[in-house]
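Biologist: I should like to learn how to read the features of a structural model in order. Where shall we begin?

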Amino acid sequence: MQDETAEFCDELKSSGLLEKRGIRRFPDMRRVQESWVAEYEKRTLLWLAARTPQWIGPDHLTVLGFAAQIGAGVFYALARWNRYSLLGVTVFLVLNWLGDSLDGTLARVRKQLRPRYGFYVDHMVDTFGALALMGGLALSACMHPWVAMGLLVAFLMLSIQSYLATQVLGEFRLSFWRFGPTELRILLMFGNLALLWKRSVHFIGGEYRLFDVGGAIGLGGMGLMLICFTGENALRLYREERVSK
């Protein structure tokens with residue numbers, strides 16, 4: 001839903017529509033999406049939006065994305081007893097991408113954007129969805145529960161950093177170092193296929209679960225992103241708001 005929030009805010013500002021309605025203005029912001037697949041993804045979403053039946057609205061797609069993420073978590077949990085449940089996870093990840101990514105594009109194409117509603121609902125849905133997905137992984141026996149918990153905490157901390165930057169810098173970042181939600185889904189889907197073949201790998205002289213190794217690498221990367229972007233934004237704000245002596 002947040003895909004075109006910045007553009008819509010400009011329209012609202014110029015028209016004075018918010019003031020007329022007595023509604024609090026949504027913070028001005030610049031949307032930053034620089035992931036590896038962003039350009040191809042945008043073309044695909046525009047193609048899909050133009051062919052989406054009229055009876056399907058942005059809210060329907062948001063619900064689809066949320067339900068699919070919960071479904072992915074459930075099927076991860078079921079993989080503890082049947083590894084072929086991982087194929088179901090992959091299907092749900094595709095549906096999650098469709099719902100979570102297409103809702104904003106569809107709203108823009110149909111000129112049905114609601115920036116404050118979309119921003120709030122979309123990110124709360126992402127929060128509960130991440131909890132379901134990581135909870136399923138923790139129960140799956142494919143990943144140690146502590147690794148899954150660590151990934152959830154890192155995701156939430158990155159999200160907090162992004163939301164604060166949106167407020168104080170007017171910059172909403174959807175990707176970090178060209179890595180975004182779609183790339184994460186792609187990695188998970190390939191990981192699911194790899195788990196069907198082999199659940200453990202030899203790494204630094206020991207044998208570990210595949211997803212534990214991948215999760216540890218992901219934790220390291222997310223932790224580094226959090227430190228770097230927090231430091232960068234703090235330094236930028238410090239320079240912009242120097243105290244005069």
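Biologist: Which residue takes a positive phi in the hairpin of S3 and S4?

Modeller: The structure is a predicted model. In the hairpin of S3 and S4, two residues lie between the strands, and Ile204 takes a positive phi near 50°. Strand S3 covers residues 200-203 and strand S4 covers residues 206-209; they run antiparallel and are joined by four bridges.

Biologist: Which residues stand opposite each other in this pair of strands?

Modeller: Phe203 stands opposite Gly206 in S4. Val201, in turn, faces Tyr208 of S4.

Biologist: How many helices and strands does the chain have, and what pattern do they follow along the sequence?

Modeller: There are nine helices and four strands. Read along the sequence, they give the pattern α-α-β-α-α-α-α-α-β-α-β-β-α. Of the contacts in the chain with a separation of 6 or more, 76% are between residues 24 or more positions apart.

Biologist: Which residue offers an example of two places far apart in sequence and how many Å apart are they in space?

Modeller: Arg178 and Ser35 are such a pair: 143 residues separate them in sequence, whereas their C-alpha atoms are 3.7 Å apart. Arg178 lies in the loop between strand S2 (171-173) and H8. Its relative accessibility is 40%, so Arg178 counts as partly exposed.

Biologist: How should I read a helix such as H8, and what is its span?

Modeller: The general idea concerns periodicity. An α-helix has 3.6 residues a turn, so residues three or four places apart point the same way. As for the span, H8 has 17 residues and reaches 25 Å from its first C-alpha to its last, close to the 24 Å expected at 1.5 Å a residue.

Biologist: Which residues of H8 are buried, and what do they pack against?

Modeller: The buried residues are Thr182, Glu183, Arg185, Leu188, Met189, Gly191, Asn192, Leu195 and Leu196. They pack against helix H3 (38-50), H4, H5, H6 and H9.

Biologist: Arg185 is in helix H8. Why does Arg185 count as buried, and which side chain makes a polar contact with the side chain of Arg185?

Modeller: Arg185 counts as buried because its relative accessibility is 9%, and the cut-off for buried is under 20%. The side chain of Arg185 makes a polar contact with the side chain of Asp100, at 3.0 Å. Leaving aside residues up to four places away in sequence, Arg185 touches Leu93, Asn96, Trp97, Asp100 and Ser101.

Biologist: How many residues are in the largest nonpolar core, and which have the most contacts inside it?

Modeller: This core has 28 residues, and Tyr76, Leu137, Met143 and Phe211 have the most contacts inside it. At least two of its residues come from each of H4 (58-78), H5 (85-109), H6 (115-139), H7 (145-169), H8 (181-197) and H9 (210-240). H7 supplies the largest share, six residues. Apart from this core lies another, of seven residues, among them Ala49, Trp97, Leu102 and Leu106.

Biologist: What does Tyr76 touch, not counting residues up to four places away in sequence?

Modeller: Tyr76 touches Leu86, Val89, Leu133, Gly136, Leu137, Ser140, Leu188, Asn192 and Phe211. Two of these residues, Leu188 and Asn192, are among the buried residues of H8.

Biologist: For the chain as a whole, what percentage of the residues is buried, and how much area does the chain expose?

Modeller: Of the 245 residues, 44% are buried. The chain exposes about 14,100 Å², and carbon and sulfur atoms supply 66% of that area.

Key
Residues numbered from 1 in each chain as written. Predicted model: local features only at pLDDT ≥ 70, side-chain atom pairs only at ≥ 80, totals over all residues. Heavy atoms only, no water. Core = buried A, V, L, I, M, F, W, Y, C linked by side-chain atoms within 4.5 Å. Buried < 20%, exposed > 50% of the residue type's maximum accessible area, 1.4 Å probe, protein only. Contact = heavy atoms within 4.5 Å. Polar contact = N/O pair within 3.5 Å; in protein donor to acceptor, adjacent residues only side chain to side chain. Areas by Shrake-Rupley, 256 points an atom, 1.4 Å probe, with all protein chains shown as cover. Expected span 1.5 Å × (residues − 1). Pairing = 2+ DSSP bridges.
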